[in-house]
Amino acid sequence: MDNIVIVVVQCFEELLVHQRNKNPEFYGLGAGGKIEKNESSKLAAIRKLEEELGIVSDVEPLFNFINSKSHPYTVYVYRTPDYTKKIKFTPCREFKLACWISVPEMDKLVSEGKLLSDTRTTYERIRREFI
């Protein structure tokens, strides 16, 4: 599998989450996807944010990690600037749902096993270090 990016969009203690049509039982954070050949992880993050949510924004790196499933790959995690109000977004057709949820609601999704594996790893670290 190719390396991927995840872009976290946060407004105080609420996070933008989504469900994709192809995996509607699981939630993901913000936007994300594969890094194209010859594309930097930062440019991929900016591209995915605009393609998937219609948000044009700079991003800043938070951390990266190796997903150590059967085919290891690197996940690069970025975030948008901290927003002081919920920004408007336009979800792409790949999304069944995109919405803002609170940290306690996100914690519930974790306990119910409803996050994609990359998202769970990302959220748990964000929860420990940034929220």
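# Exercises on a predicted model

At 78% relative accessibility, asparagine 38 counts as exposed. The structure examined in these exercises is a predicted model.

## Exercise 1. Backbone angles in the loops

Task: Determine where asparagine 38 and phenylalanine 12 lie, and state what sets their phi angles apart from the general rule.

Solution.

Step 1. Locate the residues. Asparagine 38 is in the loop between E5 and H1, while phenylalanine 12 belongs to the loop that joins strand E2 (10-11) and E3.

Step 2. Recall the rule. Most residues other than glycine have a negative phi.

Step 3. Compare the angles with the rule. Asparagine 38, although not a glycine, has a positive phi of about 65°. Phenylalanine 12, likewise not a glycine, has a positive phi of about 55°.

Step 4. Add the accessibility. The cut-off for an exposed residue is over 50% relative accessible area. Phenylalanine 12 is at 59% and is therefore classed as exposed.

Step 5. Consider a glycine as well. Glycine 54, which follows H1, has a positive phi near 70°.

## Exercise 2. The overall fold

Task: Describe the order of helices and strands, and judge the compactness of the protein from its radius of gyration.

Solution.

Step 1. Count the elements. The protein contains three helices and eight strands.

Step 2. Put them in order. Along the sequence the pattern reads β-β-β-β-β-α-β-β-β-α-α.

Step 3. Apply the globule rule. For 131 residues the rule gives 14 Å, and the radius of gyration is close to that, at 14 Å, so the protein is as compact as a globular protein of that length.

Step 4. Consider the dimensions. The C-alpha trace spans about 35 × 30 × 30 Å along its principal axes.

Step 5. Examine burial and surface. Of the 131 residues, 47% are buried. The protein exposes about 7,300 Å², of which carbon and sulfur atoms supply 50%.

Step 6. Examine the contacts. Among contacts with a separation of 6 or more, 64% are between residues 24 or more positions apart.

## Exercise 3. Helix H1 and its cover

Task: Identify the buried residues of H1 and the strands that help to cover them.

Solution.

Step 1. Establish the geometry. H1 comprises residues 41-53, 13 residues in total, and extends 18 Å from its first C-alpha to its last, close to the 18 Å expected at 1.5 Å a residue.

Step 2. List the buried positions. These are Ser41, Ala44, Ala45, Arg47, Lys48, Leu49, Glu52 and Leu53.

Step 3. Recall helix periodicity. An α-helix has 3.6 residues a turn, so residues three or four places apart point the same way.

Step 4. Identify the cover. The elements over these buried residues include strands E1 (4-8), E3 (14-20), E5 (31-34), E7 (73-79) and E8 (95-102).

## Exercise 4. The nonpolar cores

Task: Establish which elements build the largest nonpolar core, and relate valine 75 and aspartate 118 to each other.

Solution.

Step 1. Define the centre of the core. The largest nonpolar core has 21 residues, and those with the most contacts inside it are Leu29, Val75, Val77, Met106, Leu115 and Tyr123.

Step 2. Assign the contributors. At least two residues of this core come from each of E1, E3, strand E6 (60-67), E7, helix H2 (103-111) and helix H3 (117-129). H2 provides the largest share, four residues.

Step 3. Note the other core. Apart from the largest core lies another, of 20 residues, including Val9, Ile35, Leu49 and Val59.

Step 4. Examine valine 75. Beyond four places in sequence, valine 75 touches Ile4, Ile6, Phe63, Asn64, Phe65, Asn67 and Asp118.

Step 5. Examine aspartate 118. This residue lies in helix H3 and, at 10% relative accessibility, counts as buried. Its side chain makes a polar contact with the side chain of tyrosine 73, at 2.9 Å. Outside four places in sequence, aspartate 118 is in contact with Ile4, Ile6, Phe65, Asn67, Tyr73 and Val75.

## Exercise 5. Two residues in strands

Task: Characterise the surroundings of histidine 18 and cysteine 99.

Solution.

Step 1. Place histidine 18. The residue is in strand E3 and is buried, with a relative accessible area of 4%.

Step 2. Identify its partners. The histidine 18 side chain reaches the backbone oxygen of glycine 30 at 2.9 Å. Not counting residues up to four places away, histidine 18 touches Phe26, Tyr27, Gly28, Leu29, Gly30, Phe95, Leu97 and Ala98.

Step 3. Place cysteine 99. The residue is in strand E8 and counts as partly exposed, at 22% relative accessibility.

Step 4. Identify its neighbours. Not counting residues up to four places away, cysteine 99 touches Leu15, Leu16, Val17 and Phe89.

Key: Residues are numbered from 1 along each chain as its sequence is written. This is a predicted model: local features need pLDDT of at least 70, side-chain atom pairs count only at pLDDT 80 or more; totals for chains, interfaces and linings use all residues. Side-chain values use heavy atoms; hydrogens and water are left out. The expected span of a helix is 1.5 Å times one less than its number of residues. Buried means under 20% relative accessible area, exposed over 50%, partly exposed in between (1.4 Å probe, protein chains only). Contact means heavy atoms within 4.5 Å. A nonpolar core is a set of buried Ala, Val, Leu, Ile, Met, Phe, Trp, Tyr and Cys residues joined through side-chain atoms within 4.5 Å. The radius of gyration is taken over C-alpha atoms; the globule rule is 2.2 Å times the number of residues to the power 0.38. Accessible areas come from the Shrake-Rupley method with a 1.4 Å probe; for residues, only the protein chains shown count as cover. A polar contact is a pair of N or O atoms within 3.5 Å; within protein, one must be able to donate a hydrogen and the other to accept it, and residues adjacent in sequence count only if both atoms are side-chain atoms.
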